[in-house]
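Here is a short report on one protein model. The sequence and the structure come first.

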Amino acid sequence: MGIPRNPGGGGVEGGVDMLSERARMMRDSLQKSQSITDNVVNILGSFDHRLSALETAMRPTQIRTHAIRTAHGNIDKTLKAAEVILSQFDISRQAEVKILKGPHEDLESYLQAIEQLRNNIRFFSNNKSFKSSDGVLNHANSLLTKAISKLEDEFKQLLLSYSKPVEPDRLFECLPNSMRPLSSPGHQDSSGKSLLSNSNAEQNGSENAVYTPPTLIPPRILPLLHDLAQQMVQASRQQQFINIYRDIRSPVLEESLRNLGVEKLSKDDVQKMQWEVLEAKIGNWIHFMRIAVRLLFAGERKVCDQILEGFDSLNDQCFAEVTTASVAVLLSFGDAIAKSKRSPEKLFVLLDMYEIMRELHLEIESLFRGKACNEIRESAFGLTKQLAQTAKETFGDFEEAVEKDATKTAVSDGTVHPLTSYVINYVKFLFDYQSTLKQLFQEFENGGDSNSQLAAVTMRIMQALQTNLDGKSKQYKDSALTHLFLMNNIHYMVRSVRRSEAKDLLGDDWVQRHRRVVQQHANQYKRIAWAKILQCLSIQGLTSSGGSNSGSVDGQNSSGVSRSVVKDRLKIFNAQFEELHQRQTQWAVPDTELRESLRLAVAEVLLPAYRSFIKRFGPLVESGKNAQKYIRFSAEDLDRMLGEFFEGKTLNEPKR
């Protein structure tokens with residue numbers, strides 16, 4: 001604060017006095033404040049004492065208030081719990097009413113009631129402190145058992161109502177157009193042959209055709225069956241479900257196959273059948289396998305997948321249970337054929353059966369998936385291997401049978417032997433099965449070249465045939481006929497190979513080599529059959545012995561040739577030619593081109609030699625008596641008669 005100035009000069013003392021006065025006033029003020037503070041402290045202390053006493057007095061009231069509030073809270077909780085319990089009782093009563101009515105009228109409401117009952121059971125299981133919970137649980141569980149039992153009955157009745165055998169005509173409508181039979185297979189013609197074998201279904205590439213499995217159960221029913229199945233599984237009734245499902249669906253599937261024409265045949269039944277009947281049944285079996293796998297089994301798998309969606313292991317088990325008996329009937333027939341007595345004619349049906357099993361391999365693997373179907377799947381694949389093994393063994397049997405064939409079939413005319421045509425036709429048929437045979441070879445030769453294996457088998461069969469023909473040719477007493485026989489048969493082999501796919505497999509080298517063999521036998525025939533008669537037309541030995549002149553007796557020409565020797569030569573020629581003509585017109589060369597070629601080859605040797613002989617030595621005979629007795633044929637006569645050779649005429653046939 002500023003010190004006020006004194007204008008009169010005596011201001012210092014006055015200022016001090018003022019300061020002193022102010023200091024005094026401040027002291028007084030402080031003292032009053034201290035006094036007030038002390039009083040306030042005393043008052044506050046008194047209040048604190050009073051509040052403490054009041055708090056002590058209020059504590060019992062606070063405790064009672066808290067207890068009352070806690071009691072109210074507990075009462076609220078108890079009331080709420082009771083309300084929940086009462087509501088569960090109410091839900092249980094509602095569910096019981098619906099369950100006692102049964103599922104038939106309103107399945108959806110019935111399933112909801114079961115779910116409510118399950119929730120009710122879970123609630124009381126988690127609230128065991130409720131003194132009546134055990135009784136409630138027992139009642140609820142008993143009610144649930146009855147509910148599931150009613151569901152089982154409903155499932156059974158529903159499945160039974162819509163499970164009907166599929167009639168053959170309906171199955172055929174599911175086939176591709178090219179695979180549909182002309183007649184129903186359940187009927188047989190007068191020979192006992194099933195009309196299914198008359199179908200146009202046998203064709204390559206059938207595995208690429210589209211099959212449409214039939215609708216076995218109406219689509220609108222499948223969701224209901226699925227819901228029922230789900231409830232049974234949740235109630236741990238899997239085995240009961242399997243039993244019901246199998247007992248209904250399996251007989252229906254079996255009846256569908258029976259209506260189609262599938263028979264249960266044993267190995268003994270197969271062994272007793274005549275080949276024509278058995279062959280027809282094998283053809284039918286091939287069609288049955290396609291229809292069963294691609295239509296009926298595929299349809300059953302589709303139904304299983306929809307009813308048991310989400311339950312894979314149970315799905316596979318049910319499918320296995322339904323199809324086991326039907327698959328067994330089909331496979332047992334195939335197994336009986338595969339294990340029956342082997343014979344060459346069975347090779348092609350074995351290949352047909354092997355082919356269809358290979359064709360269906362992936363579909364069988366897909367349909368019969370899962371552990372439950374292991375046995376069925378392995379049985380099918382086992383049959384495939386058995387058919388392959390039997391076909392392979394039949395191949396070996398055929399090769400051996402060809403080489404050792406000892407048939408006494410008469411081929412006196414030297415024509416193509418029935419064995420040759422049989423074997424060649426057999427080989428031609430084999431080439432219709434090229435892809436199948438290559439697959440079969442791979443079953444036993446891992447990583448081998450199937451083309452070379454097929455070529456090796458074919459060559460062995462051809463060689464076995466040649467070996468047998470060589471043996472049969474030795475039965476002829478006439479060596480010329482021996483070579484004619486071999487020429488005919490090997491030519492037939494070569495011609496057949498050249499006109500078939502076997503040429504690509506055996507190669508040009510095989511064809512050319514065997515064509516040379518044919519020519520060699522033709523040359524040998526000409527040499528043996530005609531050498532002796534051609535010797536009659538030779539000039540060797542025609543001159544008279546010592547060159548003496550005997551013209552007065554027999555006459556001679558300028559070369560000194562004896563007329564009598566010429567006559568003898570012509571007599572021998574005439575007799576031999578007539579004998580050759582009589583005999584070799586009965587011989588046969590069935591191939592027109594080969595026959596004309598052989599005639600021409602003989603004519604090219606015989607006719608010039610005859611013309612030359614007659615021109616040179618004919619005048620000796622013509623100048624004597626009975627010339628026509630010795631010169632019986634003109635060259636044109638011989639040519640005409642050569643045209644009658646190798647026609648296979650019988651002795652009693654008149655000459656042309």
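The sections below take up the core, the cavities, the cysteines and two arginines of this predicted model.

## Nonpolar core

The largest nonpolar core holds 166 residues. Trp530 and Phe577 have the most contacts inside this core. Helix α8, spanning residues 275-307, gives the most to the core, with 16 residues. In soluble globular proteins, nonpolar side chains tend to be buried together.

Trp530 deserves a separate look. Neighbours within four places in sequence are left aside here. Trp530 then contacts Tyr525, Phe577, Leu580, Gln584, Val602, Leu606, Leu642 and Phe645. That list includes Phe577, the other residue named with the most contacts inside the core.

## Cavities

How many cavities of 30 Å³ or more are there? The count is three. The largest has about 80 Å³ of space.

Its lining consists of Met289, Val293, Phe297, Val327, Leu330, Leu331, Met357, Ile364, Phe368, Ile376 and Ala380. Three helices each supply at least two of the lining residues: α8, α9 (312-338) and α12 (374-404). Helix α8 thus appears twice in this report: in the lining of the largest cavity and as the helix that gives the most to the largest nonpolar core.

## Cysteines

The model has zero disulfides. Take cysteine 304: the nearest cysteine sulfur belongs to cysteine 318 and lies 5.6 Å away. A disulfide requires sulfur atoms within 2.5 Å, so this pair does not count.

Is cysteine 304 buried or exposed? Its relative accessibility is 1%, so cysteine 304 counts as buried. Cysteine 536 is buried too, with a relative accessible area of 7%.

## Arginine 237

Arginine 237 sits in the loop between α5 (222-234) and α6 (238-260). This arginine is buried, because its relative accessible area is 17% and the cut-off for buried is under 20%. Residues up to four places away in sequence are not counted in what follows. Arginine 237 touches Thr145, Ile148, Glu152 and Met232.

## Arginine 583

Arginine 583 belongs to helix α18, residues 563-584. At 26% relative accessibility, arginine 583 counts as partly exposed.

Which side chain makes a polar contact with the side chain of arginine 583? The partner is aspartate 478, at 2.4 Å. A second aspartate, number 413, is 170 residues apart from arginine 583 along the chain. The C-alpha atoms of arginine 583 and aspartate 413 are separated by 9.3 Å.

Notes:
Residues numbered from 1 in each chain as written. Predicted model: local features only at pLDDT ≥ 70, side-chain atom pairs only at ≥ 80, totals over all residues. Heavy atoms only, no water. Buried < 20%, exposed > 50% of the residue type's maximum accessible area, 1.4 Å probe, protein only. Core = buried A, V, L, I, M, F, W, Y, C linked by side-chain atoms within 4.5 Å. Helix = DSSP H or I, 4+ residues; strand = E, 2+ residues; numbered from the N terminus. Contact = heavy atoms within 4.5 Å. Polar contact = N/O pair within 3.5 Å; in protein donor to acceptor, adjacent residues only side chain to side chain. 1 Å grid on protein atoms, 1.4 Å probe; cavity = no way out; pocket = protein on both sides within 12 Å on 5 of 7 lines; lining within 4 Å. Points joined across faces, edges and corners; volume = space filled by probe spheres on them.
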